[in-house]
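Hi everyone, thanks for coming. Let me walk you through a structure that is new to most of you; please have a look at it first.

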Amino acid sequence: METVSETQWMAEGNCAEKPPSLFFPSDGVGVEVAKRVCGDCPVREQCLEYALENRIDHGVWGGTSERERRRILKARGAQPVATA
């Protein structure tokens with residue numbers, strides 16, 4: 001189980017004051033909107049690594065879509081979580 005200190009960086013993200021639903025869009029346009037918020041985020045790399053390490057397969061994390069994170073994991077030789 002993660003501790004608060006392991007995710008404290010989240011409070012520093014551009015997304016901290018945005019509604020979570022913005023980062024869980026239902027279409028490609030929504031994904032692009034969310035990715036723009038991530039564009040100059042000071043914790044973008046931490047966010048992406050968090051999503052990769054925890055195999056988060058929904059939403060936009062670290063400026064990447066679900067599909068982009070699957071590609072990164074594949075390139076790294078990691079097994080992504082199977083989706084239903």
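Here is a question to start: which backbone oxygen does the side chain of Arg69 reach? The answer is that of Ile56, at 3.1 Å.

Before going on, some ground rules. This is a predicted model, where local features need pLDDT (the predictor's confidence in each residue, from 0 to 100) of at least 70, side-chain atom pairs count only at pLDDT 80 or more, and totals for chains, interfaces and linings use all residues. Residues are numbered from 1 along each chain as its sequence is written, and side-chain values use heavy atoms, leaving out hydrogens and water. Mean pLDDT for the protein is 90, with 87% of residues at 70 or more.

Back to Arg69, which sits in helix α4, residues 66-76; helices here are DSSP runs of H or I, at least four residues, numbered from the N terminus. Arg69 is buried, meaning under 20% relative accessible area with a 1.4 Å probe, protein chains only. Yet Arg69 has no salt bridge, that is, no side-chain nitrogen within 4 Å of a carboxyl oxygen of Asp or Glu. The nearest side chain of opposite charge, Glu66, is 5.5 Å away.

Leaving aside residues up to four places away in sequence, the residues that Arg69 touches include Leu48, Ala51, Leu52 and Trp61, where touching means heavy atoms within 4.5 Å.

Now look at helix α3, residues 44-53, which has the highest mean pLDDT among the elements, 96. Its buried residues are Cys47, Leu48, Tyr50, Ala51 and Leu52. After α3 comes Arg55, with a positive phi near 50°.

Note on methods
Helix = DSSP H or I, 4+ residues; strand = E, 2+ residues; numbered from the N terminus. Buried < 20%, exposed > 50% of the residue type's maximum accessible area, 1.4 Å probe, protein only. Lys, Arg positive; Asp, Glu negative; His and termini not counted. Polar contact = N/O pair within 3.5 Å; in protein donor to acceptor, adjacent residues only side chain to side chain.
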